[in-house]
Amino acid sequence: MKSRFIKTAVLLLCAAVFISCSAKDGQKPKQPQEGKFNIAVSSYVPYTLAKSVLGNAANLTLLIPPGTEAHAFEPSPKTIKEVKQAQIFFYTSNHLEPWALKIDPRAIMLTQNLPQVLPGDPHVWMSFDNAETMAKNLADSVIKTRPVLQAEIKQNLASFSDEIKTLKQAYFQVMPTCKNRTIYHVGHLAFGYIAHNYNLKFKALISADMDQEPSAKEIAEIVKAIKENEVKYIFSEEQLNPALAHTIAEETGAEILMLNTIEGITKEEFADGKTYQQLMLDNLKNIAVGLDCKG
Ligand SMILES: [Zn+2]
């Protein structure tokens with residue numbers, strides 16, 4: 001049964017962005033254009049935050065293309081050219097994008113003033129407070145470069161904060177009601193902040209940096225734990241090869257639900273113009289099903 005808190009959040013978010021939440025806007029990756037205010041962003045996290053804060057005030061170029069895994073990305077000559085053509089280049093962190101400052105010493109890191117809550121976990125945007133700070137950092141930098149945009153950006157930032165407030169409320173209402181408290185994730189350790197903030201346990205097969213394949217022993221251990229705890233739902237990610245999740249699902253009889261890391265995005269999600277807010281709401285919906293939560 002769907003939580004009424006999630007339903008309320010869906011309605012409020014759809015109203016806030018003045019669109020149907022299922023509407024496709026058919027957005028396509030953009031190149032920098034001469035004469036425009038060009039901003040380059042590393043991954044989908046700064047991209048979606050910039051979209052929310054800037055609207056159409058800038059021409060945004062996403063450097064890590066949709067469908068590409070963010071942790072393993074290496075800049076190409078095309079990436080370097082795109083950054084050179086941009087007036088501002090935003091990236092998440094030196095942990096996630098160690099290449100950013102190397103290709104542009106002017107690059108602005110959006111996580112520079114965040115508290116170090118989970119050292120070693122670069123997925124800081126999974127905390128709503130952090131996402132809000134990142135959006136504010138982005139807004140401040142753009143206003144400094146283009147003061148004429150100040151009023152428009154401040155208004156967008158206020159709407160973004162309202163949507164985050166709605167999401168936070170939905171998470172705080174739903175999470176304590178979950179009968180099961182452990183997420184078994186056939187994916188990487190990208191949701192540590194959700195586990196930390198809402199008192200859940202998170203068992204992931206792959207490390208936070210995605211630098212190692214899971215061993216046969218680790219796979220056997222998670223299969224054993226899923227069977228012993230009679231887990232009905234396991235989680236995975238769109239960006240990963242689905243073969244391992246399907247094998248584990250077959251072996252255990254569990255069903256697969258998806259979680260979205262937001263750092264990477266499929267081509268379809270990009271074309272749909274999925275926002276941070278929508279993707280985090282999708283994550284809550286799936287967690288609510290998988291952990292048997294009520295509202
Ligand atoms: Zn990641």
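**Briefing: loop residues, a parallel sheet and a helix pair**

M210 is partly exposed, with 18 other C-beta atoms within 10 Å. This residue belongs to a predicted model. M210 sits in the loop between β6 (201-206) and α8 (216-228), and its phi is near 55 degrees, a positive value in a residue other than glycine. The points below cover a second loop residue with positive phi, E230, then a four-stranded sheet, a helix pair and the surroundings of V186.

**Second loop residue with positive phi**
- E230 is not a glycine, yet its phi is positive, at about 50 degrees.
- The loop that holds E230 runs between α8 and β7 (233-236).
- E230 has 10 C-beta neighbours inside 10 Å and therefore counts as exposed, the cut-off for that class being 12 or fewer.

**Parallel sheet**
- An open sheet is built from four strands in the order β2-β1-β3-β4, with parallel pairing.
- Its edge strands, β2 (59-62) and β4 (108-109), each pair on one side only.
- Four bridges link β1 (residues 38-41) to β2 in the parallel sense.
- V41 has L62 of β2 as its bridge partner.
- Helix α2 (residues 44-54) lies across β1, β2 and β3 (88-91), and the angle between α2 and β2 is about 165 degrees.

**Helix pair α5 and α6**
- Helix α5 (residues 128-145) packs with helix α6 (residues 150-174) at an angle of about 175 degrees, the axes being 11 Å apart.
- The two helices α5 and α6 are therefore roughly antiparallel to each other, since angles over 145 degrees fall in that class.
- On the α5 side the contact is made by F128, A131, E132, A135, K136, A139, V142 and I143.
- On the α6 side the contributors are Q150, I153, L157, F160, S161, I164, L167 and K168.
- By class, the residues of this contact divide into eleven nonpolar, two polar and three charged.

**Surroundings of V186**
- V186 is placed in strand β5 (residues 182-188).
- V186 counts as buried because 26 C-beta neighbours lie inside 10 Å, where 20 or more are required.
- Leaving out residues up to four places away in sequence, V186 touches L205, I234, F235, S236, L244, A245 and I248.
- From V186 to K232 the C-alpha to C-alpha separation is 14 Å in space, and the two are 46 residues apart in sequence.

Terms used. Residues numbered from 1 in each chain as written. Predicted model: local features only at pLDDT ≥ 70, side-chain atom pairs only at ≥ 80, totals over all residues. Pairing = 2+ DSSP bridges. Contact = placed C-beta atoms within 7 Å. Axes fitted to C-alpha atoms, helices over the stretch in contact; angles between N-to-C directions. Parallel < 35°, antiparallel > 145°, perpendicular 65-115°, else oblique. Nonpolar A, V, L, I, M, F, W, Y, C, P; charged D, E, K, R; others polar.
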